[in-house]
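Thanks for coming. I will go through one structure this morning, starting from its surface and working inward.

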Amino acid sequence: MGVDGETVVLKNMLIGVNLILLGSLLKPSECQLEVTTERVQRQAVEEEGGVASYNASGKERPVVFNHVYNINVPLDSLCSSGLEASAEQEVSAEDEALTEYTGQTSDHESQVTFTHRINLPKKACPCAGSARVLQELLSRIEMLEREVSVLRDQCNSNCCPESAATGQLDYIPHCSGHGNFSLQSCGCICNEGWFGKNCSEPYCPLDCSSRGVCVDGQCICDSEYSGGDCSELRCPTDCSSRGLCVDGECVCEEPYTGKDCSELRCPGDCSGKGICTNGTCFCQEGYMGEDCSQQRCLNACSGRGHCQEGLCFCEEGYQGPDCSAVAPPEDLRVAGISDRSIELEWDGPMAVTEYVISYQPTALGGLQLQRRVPGDWSGVTITELEPGLTYNISVYAVISNILSLPITAKVATHLSTPQGLHFKTITETTVEVQWEPFSFSFDGWEISFIPKNNEGGVIAQLPSDVTSFNQTGLKPGEEYIVNVVALKEQARSPPTSASVSTVIDGPTQILVRDVSDTVAFVEWTPPRAKVDFILLKYGLVGGEGGKTTFRLQPPLSQYSVQALRPGSRYEVWVSAVRGTNESQSTTTQFTTEIDAPKNLRVGSHTATSLDLEWDNSEAEVQEYKVVYSTLAGEQYHEMLVPKSIGPTTRATLTDLVPGTEYGVGISAVMNSQQSVPATMNARTELDSPRDLMVTASSETSISLIWTKANGPIDHYRITFTPSSGIASEVTVPKDRTSYTLTDLEPGAEYIISITAERGRQQSFESTVDAFTGFRPISHLHFSHVTSSSVNITWSDPSPPADRLILNYSPRDEEEEMTEISLEATKRHTVLMGLQPATEYIVNLVAVHGTVTSEPIVGSITTGIDPPKDITVSNVTKDSVMVSWSPPVASFDYYRVSYRPTQVGRLDSSVVPNTVTEFTITKLHPATEYEISLNSVRGREESERVCTLIHTAMDNPVDLIATNITPTEALLQWKAPVGEVENYVIVLTHFAVAGETILVDGGSEGFQLVGLLPSTHYTVTMYATSGPLTSGTISTNFSTLLDPPANLTASEVTRQSALISWQPPRAEIENYILTYKSTDGSRKELIVDAEDTWIRLEGLSESTDYTVLLQAAQDTARSSLTSTTFITEMERGNSIKR
C-alpha cells in the first residue's frame, strides 16, 4: 500500500475513533441515532440533490468518506429546522418515509472528500429535544473536520515514505496502548503524556505548554488554561455549563448563545426583524411576537387584545381600533323608583373591574354624586335621593382605572307618600286632620273627604307649609275616606288614606224640672240624625251606687226619673245611639229636695227641758234646725243640732218655762237647702219644790222648809205618812216655802213628800224621812266586799248628829276595835286593809252634843284573797306558762281565764290548789292575750289578778331566692300565722357587714337589686309585729356572672370589623366570642380577660354577621350579649348578577 493508502487507513482510524466518540455522546433514549461509516472510492461524484461533483485521476483521485446517520426525528417543525447543510433536497416519492440530507466537504489540495449522508425518517423519532441533539451533532462533525484538517497537514509532510510498508498491513504495534505506530517512522508516536520507544513512560504533554505544573504525568493548568497540555484557553465561566469549550470559545447548547452561553437564544433569531437580548426579541417598528414574525397592530392593541394581520381583536370589555377604550354598559333600564331611591339595571361584560354611577339633579346647583360597585354587579339602588326631583344618571364601566363612555338616563323620583296622618278632633260635623311635613320643596297638598257611599265629597288644596286642616260641614254619623296627596308641578304623590266617622249628633237642651226629694222630670231636644234609641243615664255625682240606664225609643223626648235619694246631687246624661256609634252625651246636674225628719217624739221632759228624738232624713244632711216657742208665740228660739251617727238624732230644749206647752218644728239642713219641718206640741213638767228639809221636830210636830218651785203653780200639796200607814195631806199656798206639821204621833217615823200643782198637772214630789222626837242611825249596809276592803252606808240620824263614830274589828278580836271619827254629813265610808276571809264586827253611833245614840251593829266577812305575784314565762307562738304565789285564805281551786284582747272568746281552766304554775296551750301566734287568775272557794271567788302577754310570732318559712341575675334576685317566702307588721331582711356577702332591709308585713316577696355579680350571698330574715320578733330563717344564693356590656361593631369594611365592649364587673378568666353569618358559617374565639376589643378579619363582603360574646370564669358562663353588622359591598346597595 502506498503513501496514499496508508494515509487513508490512518484517516479511517481517526475518523472511526471520533465517530465512536460522537455516537457515545448521543442519547439513544431520546433519538436512537445510528451511525455507519464506510469508505468508498468513486471515480466521479454525480450531482445529486444539488451536490457538486469532482473528477481526478491517479494521485489526485479523492478519497471519499461516507458517514451515514440514521436519525429518528419527529415531524414537528423543530426536527427539520435545526440542521445546517450545504444543500437540501427531499427524497423521491418512492420512499416517503425517509428524507436524506447529503452534505459534502472537499479538500482540494489533498483531494480528501467527506460526504455526510443523514437519513431523517419523518415518521420516526418522537423525541422532544431533537433540535438540540441535531445541533450538538453538527458541532461534533465540525470538530471532526478540524481534526482531519490537522491530519492533512501532517500527511502533507510526506512522513510515510512509500517504501515504509507494502501490501496489506494486518498488524500494527500497540505502543503500550499509549500511542500509535507510525509507518513513516516505523516507530510509536506516543500520545500526549507518554514517551519512550514503546510509549510506556508518562510525561506531561508539551510540558504543560509552560502554562501549568506537571504532576505524575498530568498537567495542573493555570486558571486561564485547560486541556491535557494546558494549551487550550479556558472558556468564560466554563460556558455556564451550557456548551463545550473549544480553543477558549464556547460551542453552546441549544437554546443558549453568547460568549459564556449565558444568554438565551431568541426564537427564530427574531426572524431577522429584531434584536435578541437574553432570549427576548426587541422587534423593529411594525413587527411583534416572540420571534418578531407578526405584523404589529396599533398601540399593540393596548395590551387588551390580540393582533392578527395588523388588526386588533379586543378582549372582553374593551373596544376601539387599538382596544384602548373600555366598552360601556348596555341597555340601561330603570327597574324601580321610589321617593328616595332609583333602582337601575344594565348589561355589561364580565371583565369589568367596577362600575361608576354618577347622578346629579337637573335643577341648577344640584350636587353631583358618585357610587362605585363591583364589576360583577348588573344593577344598583341609588338611595338617599330627594323626592320629586329629576336626576341625570350616567353609568361608566371601569377596567384598570379606565372609564368607558357613559350610558345615561334621566329619571325623576316620586313624591314621598305623606306620613303620620291622624285625626286630632272629631265632632258631629267637623274633622281636624294632621300629618307630618316634608323636608323638601314641593307645591302644596290636596286633601279630600269622600263619603263611603261615594255620594258627593269635599276636596281642598292647601299650601305646602300647612300640615293640619279642619274640615267643616260634614254629616253627623257619616263615614269618610280621607286622602292626603302632595303636589309638585304635574306630579302627585301616592296618597295616604284613613277612614273616619263623624260623631252622630245627640239630644240637646236637656232640662230637669219638678224636682222633689225622690222624683225629677227630664226633658231634651231630639237629635237631627236618625238614631236607634235614646240612651238615658243618671247617677249620683261621684259615682256612688253606679249608674241607672234606660233605652228610650225615639221620638220620646222626656222621662220621669223616680226612686231618687233625697238631698243628693245627681248627674243625668242623654245620648243617641245608632249601631255601634254613640253620640256625645248632653249632661246636666240637679239636686233632689231634702226629706224632712220623721217620727218626731218627746223622749223625756222636765219642768225646764224637753228631750226630743226623731228619725234621720235619708238625705246626707249635716244638721237639723230646731225651732220652738210657746203657743202664745212668746220665747221664740232656734238651734242647730248636728246629725247623729245612727238612725236617730236627739236634741234637748232647756231653759223652758215649767208647765208650759211649746210648739216645736225640726227641718233638715244640707248646705244651703232646708227641708220642710216636722212639727209637734209638747208641755214641760211643773217645777218641783226642791231641797225639802226637816228644820225641827218635837214629840208631836215636824217643821219643814223647801225651795220655791219656778213657774206658774196653784199651790203646794204636802203628804205625810207615819209608819202606821195612814197618810195625811195638807195644801200650802204657792207663796209659802216652809210649813210645820202638827198633831203628829210622838216617837213615830214619817215619810213626808211635797208637790206643786196647777190644775190637774202635778210636779214630781220631793221626799224626806223624819221622826217625831229623837231617831237613831239605822240600816247599816255593806257592799263592794273584797278580800281587804268593804263599803259601808247608813241612814241619816234624826235630829242631825254633830259627828259619827265607826268602830270595827275581827270577831275574835273585839277588844282591839279600830275607831274612826266621821263628819256628821257622811253617809258612807270604805274600810281598807282588812284581812281576807275574816268576819268583822262594825258599829256606828251618832253623837248629839254630849249624848251618844245607841250603836247600830253589823258584821261582814271579807272575801278570799287572790293569788299574788303572777308572772309569765316560756312564751311561744302557741303557749305560755303562768306562775303565781298562793293566797293566804284557804280555797278549793284556781281558775285561769284567758282571751285575746281584741276579739275572741273567753277560755278558762281549773287548776288544783296545790300547784302554782300552769301552761296555757293552743294559743294564736303574735296575739295579745289577757290572762286572769283567781282562787275559788265554793261559790265564792276572789278578785282576779290580770296580766297582758303577747304570744311569740310564728316564723316565716320556705325562704328561697329565684330569678337570679348578675345584679338582682327575687326573695320569696310564706308568711307566718298572725299579723306581721314588718319583715327584717339582712343581706351579707363575704365578710362585709350585712345590709338591713325593712319590708312591709303584707308582702311575701322582695326584689333585691344592686347586687354584685358572681358573688355568694347569705340572706337572714325574721318577722316583727309591735314588740314581737319571730325566729330567724336564712338561705344562700350566688349571683350570676355579669356579661360584657355595650358590645359594638365599628370600622366595618368589606372584610373586617372592629368589635369592642366594656368588661364585666366580676373577675373573669377570658371571653368566648362567637360570630356567625347568615350562610351558616360560625367561628368561636377565646379572648383574654384584659382585652376589650378584637378585630375580625377575613369576613365575606356584603354579609350579615351576628356577634355573640360572653364572659367565663371557671365553669361559669355569663349570659350572651350580641350585636349585628353588615360588611360593606363597595358603596351603596346593589343587585348582584
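About 60800 Å² of the protein is exposed, and carbon and sulfur atoms supply 48% of that; accessible areas come from the Shrake-Rupley method with a 1.4 Å probe. This is a predicted model, in which local features need pLDDT of at least 70, side-chain atom pairs count only at pLDDT 80 or more, and totals for chains, interfaces and linings use all residues. Residues are numbered from 1 along each chain as its sequence is written, and side-chain values use heavy atoms, with hydrogens and water left out.

Of the 1137 residues, 41% count as buried, meaning under 20% relative accessible area with a 1.4 Å probe, protein chains only. The protein has three helices and 97 strands; these are DSSP runs, helices being H or I of at least four residues and strands E of at least two, numbered from the N terminus.

Now the interior. The largest nonpolar core has 30 residues; such a core is a set of buried Ala, Val, Leu, Ile, Met, Phe, Trp, Tyr and Cys residues joined through side-chain atoms within 4.5 Å. Among those with the most contacts inside it are L344, W346 and I393. Strand β30 (390-399) gives the largest share, five residues. I393 is in contact, meaning heavy atoms within 4.5 Å, with residues including I342, I382 and V411, leaving aside neighbours within four places in sequence. A second, separate core of 22 residues includes V980 and L1028.

Last, one sheet. Strands β49, β50 and β53 form an open antiparallel sheet in that order; strands pair if DSSP finds at least two bridges between them. Six bridges join β50 to β53, and E613 stands opposite R650 in β53.

Methods
Buried means under 20% relative accessible area, exposed over 50%, partly exposed in between (1.4 Å probe, protein chains only).
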